[in-house]
Amino acid sequence: MAFWAASYNGADGKDPKRGFRFKVIINGLQGEQPLVWWAKKVDKPNFDVTESKHSFLDKEFYFPGRVQWQTINLTLVDPVKPIDCVEKTNKLIEASGYTIQEKPDAKLITMNKQKATVAMENCQIIQIDAEGEPVETWLLKNPFIKNVKYGELSYESDDLVEIQLEIRYDWAQCTINGETTFDAST
């Protein structure tokens, strides 16, 4: 018998969380259907706690500082139809305020946080169980794209073309069994 469940015979029998059971929802990337079905891999949010050191005589004492949320990486395949991932990513960056100055009608505008976070709209990473029900949901607050890698081409590979996005956010809410942690509204 596995250590994580007393019994698989009853309704309470659940598998542990599995790495291949997840979905990503980014309203700004997909548009009308927010589920990013071409997501191949995604990091879950993580953070570091800074520290302050105090030296006294021959001893050192450490105190916790600020929480610093780390960026996440999202790997996507480029399906071409019905969604062209490169096109959607480019439109998202343009909606964030980036413009090509060579265009004759280009305005002198730049990216800012408000445009970038509105362009992304909503970014969720949802772990699901075998029935497709959420067991853990991460909601990234004020997300924007920090880095884009459009992939690699090679005559020696049969692999699908992948696009990698690095996403920065202010903090993340985690919801498990209806209870939310790291909620700034409380």
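1. Among contacts in the protein chain between residues at least 6 apart in sequence, what percentage join residues at least 24 apart? In this predicted model, the share of such contacts that join residues at least 24 apart is 56%.

2. As to the overall fold, the protein chain holds three helices and eleven strands, and from the N terminus on its elements follow the order β-α-β-β-β-β-α-α-β-β-β-β-β-β.

3. On burial and surface, the protein chain has 186 residues, of which 28% are buried, while the area exposed by the protein chain comes to about 13,000 Å², with 52% of it supplied by carbon and sulfur atoms.

4. A search of the whole structure for cavities of 30 Å³ or more returns one, and the largest cavity encloses about 40 Å³ of space. Its lining is formed by Leu92, Ile93, Ser96, Met111, Ala116, Met120, Phe144 and Ile145, and the elements that contribute two or more residues to this lining are α2 (85–95), α3 (113–120) and β8 (144–149). Sorted by class, the lining of the largest cavity comprises seven nonpolar residues and one polar residue, with no charged residues.

5. A single acidic position deserves its own entry: Asp129 sits in the loop between β6 (123–128) and β7 (134–141). Asp129 counts as buried because its relative accessibility is 10%, and the cut-off for that label is under 20%. When neighbours within four places in sequence are left aside, the residues in contact with Asp129 are Lys14, Arg21 and Val135.

Methods: Residues are numbered from 1 along each chain as its sequence is written. This is a predicted model: local features need pLDDT of at least 70, side-chain atom pairs count only at pLDDT 80 or more; totals for chains, interfaces and linings use all residues. Side-chain values use heavy atoms; hydrogens and water are left out. Helices (H or I, at least four residues) and strands (E, at least two) are DSSP runs, numbered from the N terminus. Buried means under 20% relative accessible area, exposed over 50%, partly exposed in between (1.4 Å probe, protein chains only). Contact means heavy atoms within 4.5 Å. Accessible areas come from the Shrake-Rupley method with a 1.4 Å probe; for residues, only the protein chains shown count as cover. On a 1 Å grid over the protein atoms alone, a cavity is a set of points where a 1.4 Å probe fits but cannot get out, and a pocket is an open set with protein on both sides within 12 Å along at least five of seven lines; lining residues have an atom within 4 Å of a point. Grid points are joined across faces, edges and corners, and a volume is the space filled by probe spheres set on the points. Ala, Val, Leu, Ile, Met, Phe, Trp, Tyr, Cys and Pro count as nonpolar, Asp, Glu, Lys and Arg as charged, and the others, Gly among them, as polar.
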